[in-house]
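Please open the structure in a viewer and keep the selection panel at hand. The tour proceeds from the whole chain to single residues.

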Amino acid sequence: MPTSTPDALRDVSVIIVGAGFSGLGLGIQLRRRGETSFVILERADDVGGSWRDNTYPGVACDVPSPLYSYSFRTNPDWSRMFAPGQEIWDYLRTAAREEGLEPHLRFGADMLEARWSETDHRWTVRTPQGEFHGDVLVAATGHLTDIKLPEVPGLDTFTGELFHSARWNHDFPLDGKRIGVVGTGASAIQIVPQLAEIAERLVVFQRSAPYIQPRRDRDFSEAEKNLFRRDQRTVEEMREMLFWYNDSRFAARRLVDDFLAEAMWQALSHLEKQVPDPELRATLTPDYTIGCKRVLLSDDYYPAVQKPNVHLEAAALERVAGSTAFSASGQGFELDVLVVATGFETYDLPSSYRIFGRAGRSLADHWSNGMQAYNSIATAGFPNLFLLNGPGTSLGHNSVIYMIEAQVDHLLAALDWRSAHGGRVLEVSSEIENAFARRLDEVAAETVIIRGGCSSWYLDPRNGRATLSWPDFAHRFRDECAPFDPAAYDGDERALRV
Amino acid sequence: MSTANTLAATAGGVSENHGSLHIGDLEVNFFDSVEERGDFPPIVLVHGTGGSTRSHFSFLFPMLAARQRVVAVDLATPQGPPEEGTARMAEQVQAVIEKVLPARPVTLAGYSLGAVVAATAAGARPDLVGGLVLMAGWLKTDAQQRLRNDVWHALRQSDAAALRRYQAFCAFSAPLLAMLSEGEIEALVASFRTDDVMAAQMEINRHVDLTEIAPKITCPTLIVAGTDDLMTPFRQSKRLFGAIADARYTEITSGHAMVVERPAELVHLIAAFNADPNEYPAGATLPARRP
Ligand SMILES: Cc1cc2nc3c(=O)[nH]c(=O)nc-3n(C[C@H](O)[C@H](O)[C@H](O)COP(=O)(O)OP(=O)(O)OC[C@H]3O[C@@H](n4cnc5c(N)ncnc54)[C@H](O)[C@@H]3O)c2cc1C
């Protein structure tokens, strides 16, 4: 085990793994409360998580920036409604610096293994930077972070250049190239319009058409930004308006007829307006209920796929031979580059294979029937382990930052309670964990995630459960999961609020 | 009398039964989500002026019914002196509660004129009402409201098109209207309908006076005001806050049409209140929500 220079943070009260919105959000709150005994372990060489890794052309958020940011650190400087990824990354780097997190960050510190010790009731995390010990372990490792490549025969033998959208190769010039884009999800529809500008030929492999609604993006003027700076309340009001508007969109996810019809109309009238050719329009029309997969926002995707140099192949990529990519319809395309925009490991998280709780059992093993956690934050058999943005937190209709902040509040209250109770170990029973998961399953069963007739990354294909999703209003997550109730950790099912 | 359309609440696991009862020569329609979910008291919704369950609660009914039983009343507009209008309507609400949800406390939630009706019912029959939510309600019609009411009646006589524009202008908040495109404004304007029933309700609105009733309300009460409400300005909600003993108060950034502008925030407020009416003590102003 390589132990480098002595590190004052080898032994702390809280170890946070991951320096994205979740880990930094918790770190900022700890700092603001004057805590110093915590370390943030990050495998990469900078903070930012998703926003450090995703640098593809056109990358931007799809929840408006005034809302897609911390409530406790609103930002008057967003250049536009949907800020480019670089700005979001800068926002996080600035936040980490200004909030005093730098001394707490350890980069290149991949959590290789985290183990609970039954004897001293503490966690040990092994990393390439040595071992770290802590009373509490927080997995803020994300669930759109480990890339997933499609299982396509011959993909690894492709003779051209190949990379994933979240590992963009900026050194490879794409101008005038024949490019294939695999996938039509959130990343792909941002990438395609950019590549359509420069590619000699662009082939988009579409397994299933997404719903796309108008983006309504716009610049913030200097005068507006100045007002945001001068009157903080104006930013908050915009945030609140966006939040409650987004939350109202959950009615469509719950399949309430009027709102479902409205959501459908917003998407299909957009398609009709932008795509005159009925045949192409049919190809671009989804075959499931809106909201089952992530609803995308774009004004330039449909125009892009109609460019003469762009071909929309209405079939998945099936195999690759040399420089030829074959679709499931048997069509072959000669390509110089393949951009794989097929998303991430979502339901079977790599980090769960590295965390070992009581009796040396791995979290992945514990989750072999699908991941779940009491209040989306605590699991049975893993004392003093807390998960941020883990199971049951993903949203199709509102900002994930809101969910993360609710979890941080729960966690801070849990830490307070621990220190007021002699550092007692916090662990939930399987009964509590299962009861919570059952209730979420019941709620999800009434939503489009389960009933929408699609297979999405919200679902665990091993069991059909929507283990990643919070199947309700975002506000209800705060109402029900942000409060910390020690009774739940003592096995009292009456403490379940969902 | 408002007609009862079928409510769009049959999907998402929520279904509803439609029923009616007679009080004198008035037929009162109601909707019932039937299924009990969780241990929360049922919620009874009462719509506002010119509205119906369908037009005011197409969001609130199914979304609240996802977690607890919901009953909504379509008020029938009584003939007779307008001073007695709200009492007659409150009787309808009381009759529906007694028929559909006998012998158990309910949380009664009224919007606009429905808030006045709900408060009247809670004051008259404290045995029926365990909790009260008053959205965009008012205590006693004041001169500002009568002035608006005058303009409404004058436009109804003289200019139907202008009346619709005036209604849209009064119902929604300035920030919301400012955001809309011309087409969206026109669609909004066109959605306003007036008829003799609504005119009769506007007459009832002129004569609201809860000053005697409010002190008789004993149950926990949540008062929800819209910051940008021109029809029942938030100061009216504050007057209710002063007049009802066990009241707590909160504002949402919205015009009068809060059931359309901020429906998810209302679901949050009503559901949280229903789960624990005493989460905040009497006299409290709820902490600001900063999502
Ligand atoms: C392109 C893109 C656009 C998105 N747009 C939106 C949007 O508009 N709105 C929205 O709500 N959400 C959006 N999301 C979801 C987004 O992931 C979350 O909003 C948020 O960024 C998640 O933050 P996080 O800290 O939980 O996870 P991440 O940002 O994934 O951070 C996790 C961190 O943990 C580190 N890590 C993982 N495993 C280990 C390990 N074993 N050891 C050490 N470190 C580890 C990772 O390197 C990473 O830095 C988007 C995601 C992507 C990919």
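The stops below treat the chain, the ligand and one loop residue in turn.

**The whole chain**

Begin by selecting chain A, and bear in mind that this is a predicted model. Its secondary structure consists of 16 helices and 18 strands. With the view turned along the principal axes, the C-alpha atoms of chain A occupy a box of roughly 70 × 50 × 50 Å. The radius of gyration of chain A is 23 Å, which agrees with a compact globule because such a globule of 498 residues would have a value near 23 Å.

Next, display the surface of chain A. The accessible area is about 19,100 Å², and carbon and sulfur atoms account for 49% of it. Of the 498 residues, 58% count as buried. If contacts are drawn between residues at least 6 apart in sequence, 72% of them join residues at least 24 apart.

**The ligand and its shell**

Now select the ligand together with the 32 residues around it. Which residues come nearest to the ligand? They are Ser22(A), Glu42(A), Ser50(A), Asp62(A) and Tyr68(A). Colour the shell by residue character: 15 of its residues are nonpolar, 11 are polar and six are charged.

Two helices merit a separate selection here. Residues 21-32 form α1 of chain A and residues 50-53 form α2, and each of these helices supplies at least two residues of the shell. The element that gives the most to the shell is α2(A), with three residues.

**Polar contacts of the ligand**

Zoom in on the ligand atoms. At Ser22(A), an N or O atom of the side chain is 2.6 Å from an oxygen atom of the ligand. At Met111(A), the partner is a backbone N or O atom, 2.8 Å from a nitrogen atom of the ligand. Val400(A) likewise offers a backbone N or O atom, which lies 2.8 Å from an oxygen atom of the ligand. Taken alone, the ligand exposes 980 Å², and the protein buries 96% of that area.

**A loop residue**

Finally, select Ser376(A), in the loop that runs between α11 (363-366) and β18 (385-387) of chain A. Is Ser376(A) buried or exposed? Ser376(A) counts as buried, because its relative accessibility is 1%, below the 20% cut-off. Its side chain reaches the backbone oxygen of Pro391(A) at 3.2 Å. Beyond residues up to four places away in sequence, Ser376(A) touches Leu387(A), Pro391(A), Gly392(A), Thr393(A), Gln407(A), Phe436(A) and Phe477(A).

How values were computed: Residues numbered from 1 in each chain as written. Chains lettered and ligands numbered in written order. Predicted model: local features only at pLDDT ≥ 70, side-chain atom pairs only at ≥ 80, totals over all residues. Heavy atoms only, no water. Near = heavy atom within 4 Å. Polar contact = N/O pair within 3.5 Å; in protein donor to acceptor, adjacent residues only side chain to side chain. Areas by Shrake-Rupley, 256 points an atom, 1.4 Å probe, with all protein chains shown as cover. Helix = DSSP H or I, 4+ residues; strand = E, 2+ residues; numbered from the N terminus. Nonpolar A, V, L, I, M, F, W, Y, C, P; charged D, E, K, R; others polar. Rg over C-alpha atoms; globule rule 2.2 N^0.38 Å. Buried < 20%, exposed > 50% of the residue type's maximum accessible area, 1.4 Å probe, protein only. Contact = heavy atoms within 4.5 Å.
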